[in-house]
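Reader: I am new to this structure and would like a close look at one part of it, the largest cavity. Which residues line it, and where in the protein do they come from?

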Amino acid sequence: MRKSHMIAPRRFLPSISALLAFEAVARLGSATRAAHELSLTQSAISRQLKTLEEQLGVPLLARQGRQLTLTEAGHSYVGEVRAILNRLAQASVSVRTNPVGGSLNLAILPAFGMHWLAPRLRDFARSHPEVTVNLSTRLQPFAIQDSGFDAAIHFGFEDWPGVNYLPLMPETVVPVCAPDLLEAPLTDPQDILDHPLLHLETRPRGWARWLAALNVETDPPAGMMFDQFSTMAQAAIHGLGVALLPTFFAEPYLRDGQLQLASRETTQSIGSYYLVWPHDRPEGAALSSFRDWLSEQAKLPLRD
């Protein structure tokens with residue numbers, strides 16, 4: 001059962017006209033220019049601003065000569081107002097052009113998006129032609145409530161405030177290297193310390209955890225550091241060392257022979273993958289369809 005969303009009391013909900021007038025004056029610095037842009041009279045703009053400030057009980061603008069400047073409260077408020085007006089406009093366009101579907105703006109992690117999600121998206125497009133999924137890469141968590149994203153792929157723990165979570169899967173990692181670096185996968189995990197190890201910035205203790213899980217209690221040596229799995233994989237392909245990659249990321253390289261297993265031992269990484277979306281926004285049809293589909297996909301192996 002879906003949660004109902006209570007609308008705030010009307011006294012806290014200014015009119016769209018007042019918000020448009022305030023945003024225009026804040027951007028243009030003049031009631032006259034705002035009136036011209038909105039095809040209103042200057043007195044109409046002034047009335048809207050007065051009504052808004054009285055409703056909020058806070059001065060938003062200060063007059064300096066003929067210029068109107070934002071107060072401290074006005075500075076804070078105008079950013080929120082612009083974001084809300086933009087989201088409302090996008091929602092209106094979406095429901096007009098596609099009332100049963102629409103677009104889904106999704107922030108993805110590069111490796112997960114390219115190697116796990118992208119191969120599966122054709123199935124979603126086939127089963128939900130009414131939804132358009134727009135993908136954009138983000139490496140770090142961000143304030144999703146203040147963004148244009150409807151949802152995001154998150155790695156780690158359930159520590160992102162203000163969102164709902166759909167658990168997808170834990171990250172399982174495996175050591176890989178170029179075929180000419182080793183004749184065969186190592187049988188003793190400690191022997192991997194005899195080879196250069198490649199490291200990822202976001203998993204600085206990845207090798208230490210892999211070794212500890214296999215009862216090798218030692219600090220691994222320092223080595224080349226990378227900010228993404230893709231560049232680290234390329235370094236491994238070119239023989240620069242052994243990389244610790246998620247199994248879903250390593251599989252295509254292992255299949256085509258660019259990489260081979262440096263060890264057959266896999267271990268759990270530091271977190272899991274989740275789909276997250278703001279819990280203070282109504283859930284649109286596009287997000288509901290994608291979430292339900294993704295939940296099923298997370299239970300299935302990747303099909304070629």
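**The largest cavity**

Author: In this predicted model, the largest cavity has a lining of 17 residues, and those that lie nearest its centre are V173, R203, G206, W207 and L244. Several elements give two or more residues to that lining, namely strand 6 (163-177), strand 7 (199-200), helix 6 (206-213), helix 7 (229-237) and strand 11 (267-278). Sorted by class, the lining is made up of nine nonpolar, five polar and three charged residues. The space inside the largest cavity comes to about 140 Å³, and the count of cavities of 30 Å³ or more is one. As for how such a space is found, rolling a probe the size of a water molecule over the atoms shows where empty space is left.

To set the cavity beside the packing of the protein, one may turn to the largest nonpolar core, which has 43 residues, and in which F112, L117, L245, F290 and L294 have the most contacts inside the core. F112, when its neighbours within four places in sequence are left aside, is in contact with L117, I153, L168, M169, F248 and Y273. A second core, separate from that one, has 20 residues, including I45, L49, L60 and V81.

A word on confidence belongs here too: the protein has an average pLDDT of 88, with 92% of the residues scoring at least 70. Among the elements, strand 10 (residues 260-261) has the highest confidence, at 97, while helix 4 (residues 72-97) has the lowest, at a mean of 81. Over residues 1-6 the pLDDT stays under 50, and for these residues the model has five contacts beyond four places in sequence.

Methods. Residues numbered from 1 in each chain as written. Predicted model: local features only at pLDDT ≥ 70, side-chain atom pairs only at ≥ 80, totals over all residues. Heavy atoms only, no water. Core = buried A, V, L, I, M, F, W, Y, C linked by side-chain atoms within 4.5 Å. Buried < 20%, exposed > 50% of the residue type's maximum accessible area, 1.4 Å probe, protein only. Contact = heavy atoms within 4.5 Å. pLDDT = per-residue confidence, 0-100. Helix = DSSP H or I, 4+ residues; strand = E, 2+ residues; numbered from the N terminus. 1 Å grid on protein atoms, 1.4 Å probe; cavity = no way out; pocket = protein on both sides within 12 Å on 5 of 7 lines; lining within 4 Å. Points joined across faces, edges and corners; volume = space filled by probe spheres on them. Nonpolar A, V, L, I, M, F, W, Y, C, P; charged D, E, K, R; others polar.
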